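This report covers a ligand site, a helix and two loop residues. The sequence and structure come next.

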Amino acid sequence: MKNKKIGIHRLYQQDPQRADWEVFGRRAHPSTRRGFISGLGRMSALVGGAIVFHRFMPEGLIPAALAETASPFQIPGKDGLTVLNDRPLNAETPAHLLNDDITPAERLFIRNNGATPTDIDLAAWTLAIGGESVREAKSYTLDELKQRFTAVDLQLTLECGGNGRAGFYPPASGNQWTYGAVGCPQWNGIRLRDVLEDCGIKDDAVYIGYYGADTHLSGDPNKDTISRGVPMAKALEDESMIAWGLNGQPLPLENGYPLRLVIGGWPGSTSGKWLNRIVIRNQVHDGTKMTGHSYRVPCEPVAPGTEVPAEGMCIIESMPVKSLITSPRSGVQHSLGEKLKLHGHAWAGDRSVKELHISIDFGQTWQTATLQPAANRLAWQNWDHEVEFPQPGYYEVWARAVDDLGVSQPMVLPGWNPRGYLNNSAHRIAVTVA
Ligand SMILES: Nc1nc2c(c(=O)[nH]1)N[C@H]1C(S)=C(S)[C@@H](COP(=O)(O)O)O[C@H]1N2
Ligand SMILES: [Mo]
């Protein structure tokens, strides 16, 4: 059955008590049928303060703080994100709010497949390493991870495989991401490789898989939300991280607090959040959303709208070359005779970006922007440029990146695929010159 995604109001109309549990993890106390036994923290965070009289709050009541808006969630610690779905929570960042070279925590998108874990106990949190191909299964507390392994700080680009899905036609179901399911903060943690090698990797190891503490929307504790992974070669790269920090602060709750994987340059879905277990597999990991059509594209190009059997679908590995114009904001009014300063970022999965081209005449001519090297491998590269306009009127500024193997972003939609992944068509902004 298809996982149906509905908003908070519909959910409460259908079954208010169940909605309490699914949205907030809230359960009434069984003896009194009043008050909360769990979920209070989550509800308090969302309404913006402790609920003083929670003992008397009826079951199945949407808090007024959330009930009055169509998109009710004030996501704690986030600023300016566009909420695409509140169950599971999915929110993207408008391009102009991604202008920082290092993405601030409050501007990093959120892509959840299930319910965010509640009541996280840092002292009790462990990361278990297991699977068929581990020599010695081990478990580490957060303190042990911090003490035993070399600290690493890296800026790594995280982009959802479905970023840009909204552009596909025929449309693909799923979150209709436009441009903002991407960010490049600095991550603080350790190398995944160091932990895997501490346990020992058997010769037949092929893949790793992750598991996290988030829960399935059905409430069924036996179902995983998502459990994906990467081939050993990617897992063992210098930049593949287990992170507890983002820009020097603990990870935001919705971005995986207290521990996550960060696999730079690959679909965001490989960067497991709320990480509590890694398995070293002797076969391609077959966890939830590793198989079928999830995070896969047709192995051979297909005509738009084609139904592709599961056998014809291949796992997405490196993300393609892509760029954003983050300043100015689309729709800006500009004065004739003045130069317009442009700024943005470009990235290319496992590759680097070689050139960034700008057009103000719908692609007739292209100018070359100044492109900075990456802070480290797998971090996005910043670019700057200035343009002048010949006369008053409406213009579009287009940006197009080219990777180190000479592969360019397309202007139009790239290969259509059933789930709407990997749309890396060029970003453009509107400018009115007066
Ligand atoms: N445990 C867990 N890990 C997860 C997910 C999830 O739902 N649960 N979503 C994945 C997907 S599809 C993406 S794109 C990234 C998003 O990371 P972010 O929410 O920190 O931006 O996390 C990945 N890791
Ligand atoms: Mo994703």
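Is Ala-374 buried, partly exposed or exposed? In this predicted model, Ala-374 counts as partly exposed because its relative accessibility is 29%, where buried means under 20% relative accessible area, exposed over 50% and partly exposed in between (1.4 Å probe, protein chains only).

Local features need pLDDT of at least 70 and side-chain atom pairs count only at pLDDT 80 or more, whereas totals for chains, interfaces and linings use all residues. Residues are numbered from 1 along each chain as its sequence is written, chains are lettered from A and ligands numbered from 1 in the order in which they are written, and side-chain values use heavy atoms, with hydrogens and water left out.

**Two loop residues**

Ala-374 is in the loop that runs between strands S24 (370-371) and S25 (381-387); strands (E, at least two residues) and helices (H or I, at least four) are DSSP runs numbered from the N terminus. Beyond residues up to four places away in sequence, Ala-374 touches Ala-379, Trp-380 and Gln-381, contact being heavy atoms within 4.5 Å. From Ala-374 to Glu-311 the C-alpha separation is 37 Å, with their positions 63 residues apart in sequence.

Ser-425 belongs to the loop between strand S26 (393-403) and strand S27 (427-433). Ser-425 counts as buried because its relative accessible area is 12%. Its side chain makes a polar contact of 3.0 Å with the side chain of Asn-423. Such a contact is a pair of N or O atoms within 3.5 Å; within protein, one must be able to donate a hydrogen and the other to accept it, and residues adjacent in sequence count only if both atoms are side-chain atoms. Outside its neighbours within four places in sequence, Ser-425 contacts Gln-409, Pro-410, Met-411, Val-412, Leu-413 and Pro-414.

**Helix H3**

Helix H3 spans residues 40-47, and its buried residues include Arg-42, Met-43, Ser-44 and Leu-46. Gly-48, just after H3, has a positive phi of about 95°.

**Ligand 1**

Ligand 1 is surrounded by 20 residues, and the closest are Phe-109, Asn-113, Asp-214, Arg-260 and Lys-273; a residue counts as near if one of its heavy atoms lies within 4 Å. Polar partners of ligand 1 oxygen atoms are tabulated below.

| Residue | Partner atom | Distance to an oxygen atom of ligand 1 |
|---|---|---|
| Arg-111 | polar backbone atom | 2.9 Å |
| Asn-113 | polar backbone atom | 2.7 Å |
| Asn-255 | N or O atom in the side chain | 2.8 Å |

Taken alone, ligand 1 exposes 530 Å², of which the protein buries 100% (Shrake-Rupley method, 1.4 Å probe).
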